[in-house]
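Subject: Structure for you to look at

Hello,

Here is the structure I promised to pass on. Please open it first, then read my notes below.

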Amino acid sequence: MATFSGCALPKQSLLSVWKEMRHKSSAPLQTGVKYEVRKALANNVPFRPSTIKRYTFVLDDPKPPLLPASNLYRNSQMRVRTTAYTHDESDHIIYGVKNAIGTNLRFGSVRSAAADWSRFPVGTLFRIAGQPGVTYVVDDYGSALVGTGTIDLYKPNRSMMDNWGVRHVDIEVIQWGSYEKSMDLMRDRTKWRHVRAMMEGIESRLRTAALPHGMTPFTAAL
């Protein structure tokens, strides 16, 4: 029969030792590293080895929260490339004289313009240098404009469209439109690739503006 000559116990209580071990922090998760996790195959299933499956995840850098569009700084004067379009072109004929917000295209003292809404959100008002008394409003978009800084100016007929051609002009933005309204109008049109691209562009622009300079937050999500 074996006997113990002595037994050494920790100076603090076993409960305090257990609490210390339980709250001991481990190394933080690293981005870009693959971690393995065990997860139940179905809900409300008793914990048995046969109902557990392994899967892996990689922790990515999180996206910062969206910044309210009203807080986003934008220049009011710039030089842009402009083109022209009319309502009876082949790529616009199905919409007729309607713009992307469902109202009639305008040509008068206030004129319609199409643009990439992630750069010039809907409702943006601007003037072109050398055209006194004329204000343009971004109320339309076009697939060929996405990813460019080009603004397409509405003309009521092909002759005026052809006469405008392509021009680089100086514009002054009188009032920036709304990114929130732009996204609301496009939310049910995401089957179109160019619409998805504009929505992603708006989110990226607002998140980038919301991130403090030199700071990169980290979160973990499974």
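Which residues of helix α3 (residues 179-186) are buried? They are Tyr179, Ser182, Met183 and Met186. Seen down the axis of α3, these buried residues fall within an arc of 95°, so they line one face of the helix. At the start of α3, Ser178 is worth a look. One of its side-chain oxygens comes to within 3.3 Å of the backbone nitrogen of Glu180.

A caution before the rest: this is a predicted model.

Overall layout

The chain holds four helices and eight strands. Along the sequence they follow the pattern α-β-β-β-β-β-β-β-α-β-α-α. The chain has 222 residues, and buried residues make up 31% of them. Its accessible surface comes to about 15200 Å². Carbon and sulfur atoms account for 54% of that surface. Take the contacts between residues at least 6 apart in sequence: 72% of them join residues at least 24 apart.

The barrel

Six strands close into a barrel. Their order is β3-β7-β4-β6-β5-β8, and the pairing is mixed. Neighbouring strands of this sheet are turned by 50° against each other on average, direction ignored.

Strand β5

I spent some time on β5, which covers residues 125-128. In the barrel order, β5 stands between β6 and β8. With β8 (residues 167-175), the pairing is antiparallel and runs over four bridges. With β6, the pairing is also antiparallel, over two bridges. β5 and β6 form a hairpin, with six residues between them. Gly130 lies in the turn and has a positive phi of about 90°.

Individual partners are easy to find. Leu125 has a bridge partner in β6, Val137. Leu125 also has a bridge partner in β8, Gln175. Phe126 stands opposite Val173 in β8.

Which side chains of β5 point to the buried face? Phe126 and Ile128 point to one face and are buried. Leu125 and Arg127 point to the other face and are not buried. In a regular strand, side chains alternate between the two faces of the sheet. The side chains along β5 do alternate.

The loop between β6 and β7

This loop joins β6 (135-140) to β7 (151-154), and Thr150 sits in it. Leu145 is found there too. Is Thr150 buried or exposed? Thr150 counts as buried, because its relative accessibility is 7% and the cut-off for buried is under 20%. Leu145 also counts as buried, at 6% relative accessibility.

What does the side chain of Thr150 make a polar contact with? The partner is the side chain of Arg81, at 3.1 Å. Leaving aside neighbours within four places in sequence, Thr150 is in contact with Arg81, Thr82, Thr83, Ala114, Ala115 and Leu145.

On the same basis, Leu145 is in contact with Ala114, Ala115, Asp116, Thr150 and Asp152. Ala114 and Ala115 therefore appear in both contact lists, for Thr150 and for Leu145, under the 4.5 Å limit for a contact. Leu145 and Thr83 are 62 residues apart along the chain, and their C-alpha atoms are separated by 9.9 Å.

If you look at two places, take strand β5 with its alternating side chains, and the loop that holds Thr150 and Leu145.

Best wishes

Notes:
Residues numbered from 1 in each chain as written. Predicted model: local features only at pLDDT ≥ 70, side-chain atom pairs only at ≥ 80, totals over all residues. Heavy atoms only, no water. Pairing = 2+ DSSP bridges. Axes fitted to C-alpha atoms, helices over the stretch in contact; angles between N-to-C directions. Buried < 20%, exposed > 50% of the residue type's maximum accessible area, 1.4 Å probe, protein only. Polar contact = N/O pair within 3.5 Å; in protein donor to acceptor, adjacent residues only side chain to side chain. Areas by Shrake-Rupley, 256 points an atom, 1.4 Å probe, with all protein chains shown as cover. Arc of directions from axis to C-beta.
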